[in-house]
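Notebook open, model loaded. I want to go through the metal site, the backbone oddities, the charged pairs and the sheet, in that order.

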Amino acid sequence: MTASPVRASDRSHVLIVEDNAANMELMAYLLEHGGFRVTRARDGEQALAGLGAERPDLVVCDVHLPQIDGRLLLPLLRQACGDRRLPVIAVTALAMIGDRDRLLAEGFDGYLSKPIEPQDFARQIRAFLGRADGEDSTPPA
Ligand code: MN
């Protein structure tokens with residue numbers, strides 16, 4: 001029994017912004033094996049440079065980054081691709097109560113805490129993508 005083939009055009013494109021090489025490779029591996037197309041950026045500058053060419057379907061963004069912190073990077077990412085609704089999921093080791101709400105209030109569409117859960121990561125990202133798509137089809141109240 002073989003899985004149905006996935007055409008390249010059907011694969012969602014995820015940009016990962018992460019300065020920790022081990023975390024980057026783990027997240028990229030899990031998403032690629034989950035059927036996503038992945039672009040890697042090790043800092044905000046690299047992420048912004050790549051966004052001019054192509055808008056990803058979703059961005060996974062580490063909060064603690066050199067130079068441009070994830071919180072500062074968030075609006076810049078949306079500006080760079082000309083879409084203020086670009087879905088951006090924060091990934092951070094912050095574990096304090098309230099951080100999740102704070103990140104969402106700052107404009108992130110979701111939040112995942114490190115260490116990421118290898119069994120669940122691709123499914124979690126897929127769920128965020130589904131939610132983002134769903135919002136587009138929701139009629140205005
Ligand atoms: Mn980091």
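Before I judge any residue, the cut-offs: I call a residue buried under 20% relative accessible area, exposed over 50%, and partly exposed in between. I also keep in mind that this is a predicted model.

**Metal site**

I began with D19, which has 38% relative accessibility and therefore counts as partly exposed. Which residues hold the manganese ion? I find D19 (OD), D62 (OD) and H64 (O) coordinating the manganese ion, at 2.0 to 2.1 Å. Along the chain I read the donor spacing as D-x42-D-x1-H. D19 and H64 link distant parts of the chain, 45 residues apart. I place D19 in the loop between β1 (13-17) and α1 (21-33), and H64 in the loop between β3 (58-62) and α3 (70-80). I looked up H64 as well: its relative accessibility is 45%, so H64 is partly exposed too.

**Backbone**

Where is the cis peptide bond? I found a cis bond joining K114 and P115, with omega about 0°. P115 sits in the loop between β5 (110-113) and α5 (121-137).

Next I checked phi values. Q67 has a positive phi, near 60°, and Q67 is not a glycine. I locate Q67 in the loop between β3 and α3. Is Q67 buried or exposed? Its relative accessible area is 68%, so I write down exposed.

**Salt bridges**

Some background for this part: side chains of opposite charge can pair when their charged atoms come close.

How many salt bridges are there? My count comes to 10. I went to K114 again, since it turned up at the cis bond. Its side chain meets that of E18 in a salt bridge, 2.9 Å from N to O. K114 is in the loop between β5 and α5 while E18 is in the loop between β1 and α1, so this pair ties together parts 96 residues apart in sequence. I have both K114 and E18 down as buried.

R40 pairs with E32, and I read 3.3 Å between the closest N and O atoms. R40 has a relative accessible area of 35%, so I call R40 partly exposed. E32 is at 33% and gets the label partly exposed as well.

For E106 and R71 the closest N and O atoms of the salt bridge are 2.7 Å apart. E106 lies in the loop between α4 (99-105) and β5, and R71 in helix α3, so I note a tie between parts 35 residues apart in sequence. I get partly exposed for E106, with a relative accessible area of 35%, and partly exposed for R71, at 22%. Following shared partners, I see salt bridges joining E18, D62 and K114 into one network. D62 is also a manganese donor.

**Sheet and helices**

What is the strand order? I traced an open sheet of five strands, β2-β1-β3-β4-β5, with parallel pairing. At the edges I find β2 (37-41) and β5, each pairing on one side only. The twist I noted averages 20° from one strand to the next.

Zooming in on β1 and β3, I see a parallel pair joined by four bridges. V14 has L58 of β3 as its bridge partner.

Last, the helices. I see α1 lying across β1, β2 and β3, at about 165° to β2. α3 packs on the sheet too, touching β1, β3 and β4 (88-92), and its direction makes about 160° with that of β3.

Note on methods. Residues are numbered from 1 along each chain as its sequence is written. This is a predicted model: local features need pLDDT of at least 70, side-chain atom pairs count only at pLDDT 80 or more; totals for chains, interfaces and linings use all residues. Side-chain values use heavy atoms; hydrogens and water are left out. Donors are N, O and S atoms within 2.8 Å of the metal (3.2 Å for Na, K and Ca); water is not among the atoms, so sites may look incomplete. Helices (H or I, at least four residues) and strands (E, at least two) are DSSP runs, numbered from the N terminus. Buried means under 20% relative accessible area, exposed over 50%, partly exposed in between (1.4 Å probe, protein chains only). A salt bridge is a side-chain nitrogen of Lys or Arg within 4 Å of a carboxyl oxygen of Asp or Glu. Two strands pair if DSSP finds at least two bridges between them. Axes are lines fitted to C-alpha atoms, for helices over the stretch in contact, and angles run from 0 to 180 degrees between N-to-C directions. Contact means heavy atoms within 4.5 Å.
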